[in-house]
Amino acid sequence: MTTPVLTPAEQKIFDYLRTHKTPVTAGTLAKRFIISQSKSYHALSLLERNGLAVSFNVGSTKFYRINTDE
């Protein structure tokens, strides 16, 4: 699989996921990087589609973490 070209915002989110110990929500990342929640969700979806991140639900809240399976 080829690594996708990431925008600077997507790269920051990816780097944060790589170094952060606990899963995070799109809202948490939006606040952290002062971007819209929509932009945060879009970046996380891109990372997930490319196998770089995984998501899981706890109730109605979606959490993301780096994909450590590869």
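Is R65 buried, partly exposed or exposed, and what is its relative accessibility? In this predicted model, R65 has a relative accessibility of 30% and therefore counts as partly exposed. The residue belongs to strand β2, which covers residues 61-66, in a protein built from three helices and two strands. The points below begin with the overall fold and then turn to R65 and its surroundings, to S40 and T28, to the salt bridge and to the backbone at I34.

**Overall fold and surface**

- Followed along the sequence, the secondary structure elements come in the pattern α-α-α-β-β, made up of three helices and two strands.
- The radius of gyration of the protein is 11 Å, which agrees with the value near 11 Å that a compact globule of 70 residues would have.
- Taken along the principal axes, the box filled by the C-alpha atoms has dimensions of roughly 30 × 25 × 20 Å.
- Among the contacts in the protein that have a separation of 6 or more, 44% are accounted for by residues 24 or more positions apart.
- Buried residues make up 39% of the 70 residues of the protein, while the exposed area comes to about 4,600 Å², with carbon and sulfur atoms supplying 54% of it.
- The protein carries 9 positive and 5 negative charges, and the mean positions of these two groups lie 9 Å apart.

**R65 and its surroundings**

- Once neighbours within four places in sequence are left aside, R65 in strand β2 is in contact with L17, P23, A53 and V54.
- R65 and H20 are separated by 45 residues in sequence, yet the distance between their C-alpha atoms is 8.3 Å.
- A53 lies in strand β1, which spans residues 53-58, and its C-alpha atom is 5.6 Å from that of R65, although the two residues are 12 apart along the chain.
- A53 counts as buried because its relative accessibility is 2%, whereas R65, at 30%, counts as partly exposed.
- With neighbours within four places in sequence again left aside, the contacts of A53 are L17, L47, E48, R65, I66 and N67, so that L17 appears in the contact lists of both A53 and R65.
- V24 sits in the loop between α1 and α2, and its C-alpha atom is 6.6 Å from that of R65 across 41 residues of chain.
- V24 has a relative accessibility of 4% and for this reason counts as buried; not counting residues up to four places away in sequence, V24 touches Y16, L17, L29, K62, F63 and Y64.

**S40 and T28**

- S40 is part of helix α3, which runs over residues 37-49, and with a relative accessibility of 0% S40 counts as buried.
- When residues up to four places away in sequence are not counted, the residues that S40 touches are I13, A26, L29, A30 and I35.
- T28 is located in helix α2 and, in contrast to the buried S40, counts as partly exposed at 39% relative accessibility.
- The C-alpha atoms of T28 and S40 are separated by 9.0 Å, and the two residues are 12 apart along the chain.

**The salt bridge**

- The structure holds one salt bridge, in which the side chains of D15 and R18 meet with an N to O distance of 2.9 Å.
- Both residues lie in helix α1, which covers residues 8-19, and because D15 and R18 are three residues apart there, they are separated by about one helical turn.
- D15 has a relative accessible area of 26%, which means that this residue is partly exposed.

**Backbone at I34**

- The phi angle of I34 is near 50°, a positive value in a residue other than glycine.
- As a general matter, most residues other than glycine have a negative phi.
- I34 is placed in the loop between α2, residues 26-33, and α3, and with a relative accessible area of 78% I34 is exposed.

Notes: Residues are numbered from 1 along each chain as its sequence is written. This is a predicted model: local features need pLDDT of at least 70, side-chain atom pairs count only at pLDDT 80 or more; totals for chains, interfaces and linings use all residues. Side-chain values use heavy atoms; hydrogens and water are left out. The radius of gyration is taken over C-alpha atoms; the globule rule is 2.2 Å times the number of residues to the power 0.38. Buried means under 20% relative accessible area, exposed over 50%, partly exposed in between (1.4 Å probe, protein chains only). Contact means heavy atoms within 4.5 Å. Accessible areas come from the Shrake-Rupley method with a 1.4 Å probe; for residues, only the protein chains shown count as cover. Lys and Arg count as positive and Asp and Glu as negative; His and the chain ends are not counted. The place of a charge is taken as NZ of Lys, CZ of Arg, CG of Asp or CD of Glu. A salt bridge is a side-chain nitrogen of Lys or Arg within 4 Å of a carboxyl oxygen of Asp or Glu.
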